[in-house]
Amino acid sequence: MDQVRPWDERFHCPSCSKSFVRKAHMLRHQQQHIAQRPFSCNFCSKCFKRSDVLRAHQFRCKERGEAPVPEGQSKGRKRSSCLSCVKLRTRCDQETPCGRCQELGKDCVRVSSPQKSSEHLRPKSRDAIPIHHLLNTPEGDDFIGRFPIRSTVAAAADEDDDAALGEVEISSEASHWSEDYEPNDVFIGAPIPDYESVNFDIFFGGFESLTFGAYPLHHDLSQVTSVEGLASPSTMALEPRAYEIRQLLLSTASKLSTEFPETINLIQLASDIELLTHAELDHCLGLYFANYHRHCPIFHRPSFQATTVPIPLLLGMVSLGAMYSQERAKVLWMKCLLDVMEAYVFSWPGLRDDYGGFFTLAEAPDEETLDYQFQLFQGAYLMVVVQYFSGNLAARRRARRQRFTTVLSIARSFRLPIAQHDSVVTIPDEMAFQRWVRKEVRIRTMNILLALDSAMGIFNNVPPRIHYVELDLQMPCHPEFFELSSYAEMLTRSSFPRTRMKLIDAFQRLFSSPRDLKSAFHNETLCCWDMLYLIHVLFTHSTQHLFGNPMNRMSPTTLAVGPSSHVLESIKTALNNWKTLWDEAKRSLPRSSVSEMGFETSADSYWTLLRMIVQKFEANSANAAANEAYNCPNGTYGNDQSQTGTYSNGTSQRSSTPGLDFMPLEADSDSQGAHLRRILGK
């Protein structure tokens, strides 16, 4: 492992005591000490010290209206390495030609980073999502920002593609807030951030203006175009299902219009429902598997049959797939149907909250029926996802407060929190392979549910509903095993899955000493998906210990000094170890597979956010400890009359200097990220 740069070799700011690993970072920091603001907005009177901050502001400037953002200011860091060094992932000495190219006898070519338009805020070569996409997309539609659309253009294997990929590896937008620190120890020598000068609008995407209004209920039906051309046999096979779906949704819409006559336009809904043809179903299913499936792969694609799965599952997949349509009218059309689809899905026995019988989806006379009922449960989960990210305000609240709780209750009845393979995986025939696939689907579904539970806490400050004391869950298998179609293919490829480590065991090993980290995971190869699950668990664990302890609110010094200080230090150790494992997982990826990755590449954004929260808490706690030590030099708290008052009952009160001045925080907030802004002081 690389060693941290010694203190005397760092670049020190001449105006303050901060130091940096790279000279460029020190020069950028020095701009904070300059009083001039040379970069002014063309639409309002605001001025900025840095051009990148100006450009980020222009995208959200309320005075801009529909005017385009001026071109001319490049986003991100400029590439300084030559193309050969970028491709080889080696350090370039910045000379022309560089030493590496001279050694290899190659032409030393340098190109500037291409200008990016406002329509492509994220690099096409990978789907890493920066935090401002996690918390609020630029266009206000949260779904595509967090689960980005897959590029339909195949990446060409030439110098340009390699250069683009290398640029992303060098300057990842998702982790640019952590670039001042060495990858293997993110706290050693790291100064406390200057939160007053940090522009969090870039980091969070300016979500203070985010409001969840109802989506448009009127759209041009003529623009909802069906798929043209001759229908394939698989598409035609969906025609009976499409007819059945239309009849079921029309019946549900009729019931809703009776219960809510003032808000449900039955005529409009009937027109929308009639557009759910077999061609549209097949098209949206294709969009689902081309996009969302790689973000949350909980279905075994080779064995999926659209003509036999339960209708609730089909509706969940179709509604999610439609969110990726390039036709705006089609997206709005599907959003108008989400409430009707949700009402139908959660009207099924076993999914309905008020169902009074003894029926449960987790009980069935045979394995085939049980698998069918498990797919019903998966359909309910998908409806929660699409309503949480793309529904109107009422739908998002229902998803967080009611529907997700129902889904978790059913997951417990299926015993998903303890889902795991046998200690030794043996697959002697096709039937055993299919049983392994069904169990793997359950393991993956529970891991995704756990991540969604944590995500609701990150976005909306929703208290966690899954308790770690109930978990005995394994991590999912690596993707190459889950993509096998049959026992015969497994034998042909000689690709035999093995039992993975349990999630809680992996989480506990994050708190190992850095010198013991390698031995702690010597029998386990972690992938980016594993790291995504672990950072969600670590985020929830850290926030519960930092902000969930009422004693910390009364006296935040309990974690800064004294016997409880190990809690904060252990979290910092886990963060440091996670980053080490994350870097190793990324380095092990084949370059050809980077463009095929999905949501798991955004794990470093969650890590960066958690590191900032920990440092903010540490700074506040340290300030509070210093104030208390100054006010009470002899440690006589509550007894010194010069700083105490008296309650009406005669007990003493001490004047406090609260370090956690952002308390209280609103729980289950409709404004995404509001609690994070309050914590971080913005």
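This is a short tour of the structure above, with one selection to make at each stop. The model is predicted, so keep that in mind as you go.

**Stop 1: a stretch named in a record**

Start by selecting residues 39–68. UniProt, in an unreviewed entry, lists "domain: C2H2-type" for residues 11–38 and 39–68. Colour the second stretch by secondary structure: over residues 39–68 the chain is 33% helix and 13% strand. The C-alpha atoms at the two ends of residues 39–68 are 18 Å apart.

**Stop 2: cysteines**

Stay with residues 39–68 and show Cys41. How far away is the nearest cysteine sulfur? That sulfur belongs to Cys44 and is 3.7 Å away. A disulfide is a covalent bond between the sulfur atoms of two cysteines. Here the cut-off is 2.5 Å, so Cys41 is in no disulfide. Cys41 is also buried, with a relative accessible area of 6%.

Next, select Cys108 and Cys98. The sulfur of Cys108 is 3.9 Å from that of Cys98, its closest cysteine sulfur, which is too far for a bond. Cys108 is buried as well, at 19% relative accessible area. For the structure, the count of disulfides is zero.

**Stop 3: a group of rings**

Now select Tyr288, Phe289, Tyr292, Phe299 and Phe304 and show their side chains. These residues form one aromatic cluster.

**Stop 4: a covered helix**

Move along the chain to helix 13, residues 311–322. Which of its residues are buried? Twelve of its twelve residues are, including Ile311, Pro312, Met317 and Ala322. Try a distance between the first and last C-alpha of helix 13: the helix reaches 16 Å, close to the 16 Å expected at 1.5 Å a residue.

**Stop 5: charges over rings**

Select Phe374 together with Arg442. The charged end of Arg442 sits over the ring of Phe374, 5.0 Å from the ring centre. For another example, pick Lys579 and Trp607: the charged end of Lys579 sits over the Trp607 ring, 5.5 Å from its centre.

**Stop 6: helix 17 and its ends**

Select residues 430–460, which make up helix 17. This helix has 31 residues and reaches 44 Å from its first C-alpha to its last, close to the 45 Å expected. Helix 17 is mostly covered, with 25 of its 31 residues buried. While you look along it, remember a handy rule: an α-helix has 3.6 residues a turn, so residues three or four places apart point the same way.

What caps the N-terminal end of helix 17? Show Asp429: one of its side-chain oxygens lies 3.4 Å from the backbone nitrogen of Met431. After the helix comes Asn461, whose phi is positive, near 55 degrees.

Before leaving helix 17, select Asp453, which lies within it. Is Asp453 buried or exposed? Asp453 is buried, with a relative accessible area of 3%. Add Arg465 to your selection, and you will find that the Asp453 side chain reaches the Arg465 backbone nitrogen at 3.1 Å.

**Stop 7: an edge-to-face pair**

Finish with rings again. The structure holds 14 aromatic pairs, and one of them is Phe507 with Phe511. How are their planes arranged? The pair is edge-to-face, with 80 degrees between the planes and 5.2 Å from centre to centre. Turn on the surface to look at these two residues: Phe507 is buried at 10% relative accessible area, whereas Phe511 is partly exposed at 26%.

Key:
Residues are numbered from 1 along each chain as its sequence is written. This is a predicted model: local features need pLDDT of at least 70, side-chain atom pairs count only at pLDDT 80 or more; totals for chains, interfaces and linings use all residues. Side-chain values use heavy atoms; hydrogens and water are left out. Helices (H or I, at least four residues) and strands (E, at least two) are DSSP runs, numbered from the N terminus. The expected span of a helix is 1.5 Å times one less than its number of residues. Buried means under 20% relative accessible area, exposed over 50%, partly exposed in between (1.4 Å probe, protein chains only). UniProt positions are given in the numbering used here, feature names are shortened, and annotations may be inferred rather than shown by experiment. Rings of Phe, Tyr and Trp (its six-membered ring) pair if their centres lie within 6.5 Å; planes under 30 degrees apart count as stacked, over 60 as edge-to-face and the rest as tilted. A charge sits over a ring if NZ of Lys or CZ of Arg is within 6 Å of the ring centre and within 35 degrees of the ring normal. A polar contact is a pair of N or O atoms within 3.5 Å; within protein, one must be able to donate a hydrogen and the other to accept it, and residues adjacent in sequence count only if both atoms are side-chain atoms.
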